[in-house]
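Good morning, colleagues. Please look at the structure on the screen while I go through its contacts and surfaces.

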Amino acid sequence: VAKVNGKEVNRMKLEHELKSCNCEIEEEKLDIKTVLKHKIILFRGVLLMIYSFVVLMAYGCTLFYVDILPGNSYLSFFVLSASELPSNILSYLSVHYLGRRFTAISTILIAMIFSITAPFVLKARSILLFVVAMIKIFITQGIYVVYIMTCEVFPTPMRSIGMGSVVVFGMAGIFVSKYIVETSGDGPFQYWVMVGAELVGLLVAIPIPETIGVALPQTLPEANNLGKNRPFFKWIHHWNKDKFAQDRTNKINVKNAFE
């Protein structure tokens, strides 16, 4: 660290100080009883799992429905696949400048509007292809942001299992989408299912705290207090995030980190 910062350091003295330090860290086992004490973290985890299921179910419905243009499924597949390129670019810009929570809410709301439009343009296949492509653009942004929010909401001891759970629920959504598309055929059924699911996704995204500009929580108490100093109805984004910086001045005793 000293070398990178261009500083001089007495290596012998530093090694002696480190060796003589008596700050032993007592690690506690993170068992299920400890996790269940932190209901706020569990609640947010459930919300993220539901959101993941919704966005990947809607994504699957657009992915498997490649027969929009009769006799030209290749063109349909190309258009739907190409729509993911601008989606990834928009996702990056929106998440890093407009905020995670705003992106999660706005993208699924816009996708829901296009899903409502789809049943009314079933006979105009070219227009329907455009509408489905727009659904896929915005729903892909929802997939992008849910994984970022998962990493930033769960604390370090739970981050891997939290991410795994969110991914599993998302894969379940993909699994279900295949049957929804087959049941719907060329009818409007799949779009109304998507509208209902997206409405649920919209509702569960609202209570998730905005994590832009917040350091990753290292302990359960830090994750539990995530977003406490951020107004619920305030739009927090790249240009005002410093005004609502997470208060980390109240340090937690390492020995009690999991209590």
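I shall begin with the overall fold, then turn to the charged pairs, and end with several individual residues.

What we have here is a predicted model. The protein chain has 259 residues, of which 45% count as buried. Its secondary structure comes to 10 helices and zero strands. Read along the sequence, the pattern is accordingly α-α-α-α-α-α-α-α-α-α.

Let me set a database record beside that. The unreviewed UniProt entry places the feature "transmembrane region" at residues 46-68, 102-121, 127-148 and 160-177. How much of the chain over residues 46-68 is helix in the model? The figure is 83% helix, with 0% strand, and the end C-alpha atoms of that stretch lie 34 Å apart. For residues 127-148 the chain is 100% helix and 0% strand, with 33 Å between the end C-alpha atoms.

I come now to the charged side chains. As a general point, side chains of opposite charge can pair when their charged atoms come close. How many salt bridges does a search of the whole structure find? The search returns five, and I shall discuss some of them.

Take Glu-15 and Arg-11, whose side chains meet in a salt bridge with an N to O distance of 3.2 Å. Both residues belong to helix 1, which covers residues 11-19, and they are four residues apart, about one turn of the helix. Glu-15 has a relative accessible area of 32% and is therefore partly exposed. Arg-11, at 61% relative accessibility, counts as exposed, because the cut-off for that class is over 50%.

A second pair with this spacing is found in helix 8. Glu-182 and Lys-178 form a salt bridge at 3.6 Å, N to O. They too are four residues apart, about one turn of helix 8. Glu-182 counts as exposed at 51% relative accessibility, while Lys-178 counts as partly exposed at 34%.

Which parts of the chain does the salt bridge between Asp-186 and Arg-125 link? Asp-186 and Arg-125 have their closest N and O atoms 4.0 Å apart. This pair links distant parts of the chain, the two residues being 61 residues apart. Asp-186 sits in the loop between helix 8 (156-184) and helix 9 (189-205), and Arg-125 is in helix 7, residues 125-153. Asp-186 is partly exposed, with a relative accessible area of 49%. Arg-125, by contrast, is at 18% relative accessibility and so counts as buried, the limit being under 20%.

Arg-159 deserves separate mention. This residue is in helix 8, and it is buried yet has no salt bridge. How far away is the nearest side chain of opposite charge? That side chain belongs to Glu-222, at 7.6 Å from Arg-159. A salt bridge requires a nitrogen and a carboxyl oxygen within 4 Å, so this pair does not qualify. Arg-159 does have a polar partner in the backbone: the oxygen of Pro-217 lies 2.9 Å from a polar atom of the arginine side chain.

Next, helix 5. Ser-87 is found in this helix, and its relative accessible area of 0% makes it buried. The side chain of Ser-87 reaches the backbone oxygen of Ile-137 at 2.6 Å.

Tyr-92 is also found in helix 5, which spans residues 84-98. At 45% relative accessibility, Tyr-92 counts as partly exposed. It contributes to a nonpolar surface patch of about 670 Å², made by Leu-85, Ile-89, Tyr-92, Leu-93, Tyr-97 and Trp-239.

Leu-98 is likewise in helix 5, and it is partly exposed, with a relative accessible area of 28%. The C-alpha atoms of Leu-98 and Trp-235 are separated by 8.6 Å, although these residues are 137 residues apart along the chain.

My last residue is Ile-143, found in helix 7. Is Ile-143 buried or exposed? With 12% relative accessibility, it counts as buried. Its C-alpha atom is separated by 9.2 Å from that of Ser-91, and the two residues are 52 residues apart along the chain.

To close, I return to two points. The predicted model is a chain of 10 helices and zero strands. Arg-125 and Arg-159 offer a contrast for discussion: Arg-125 is buried and forms a salt bridge with Asp-186, whereas Arg-159 is buried and has none.

Terms used
Residues numbered from 1 in each chain as written. Predicted model: local features only at pLDDT ≥ 70, side-chain atom pairs only at ≥ 80, totals over all residues. Heavy atoms only, no water. Buried < 20%, exposed > 50% of the residue type's maximum accessible area, 1.4 Å probe, protein only. UniProt positions renumbered as here; feature names shortened; annotations may be inferred. Patch = residues over 30% accessible without salt bridge, like charges linked within 9 Å, V, L, I, M, F, W, Y side chains within 5 Å. Areas by Shrake-Rupley, 256 points an atom, 1.4 Å probe, with all protein chains shown as cover. Lys, Arg positive; Asp, Glu negative; His and termini not counted. Polar contact = N/O pair within 3.5 Å; in protein donor to acceptor, adjacent residues only side chain to side chain.
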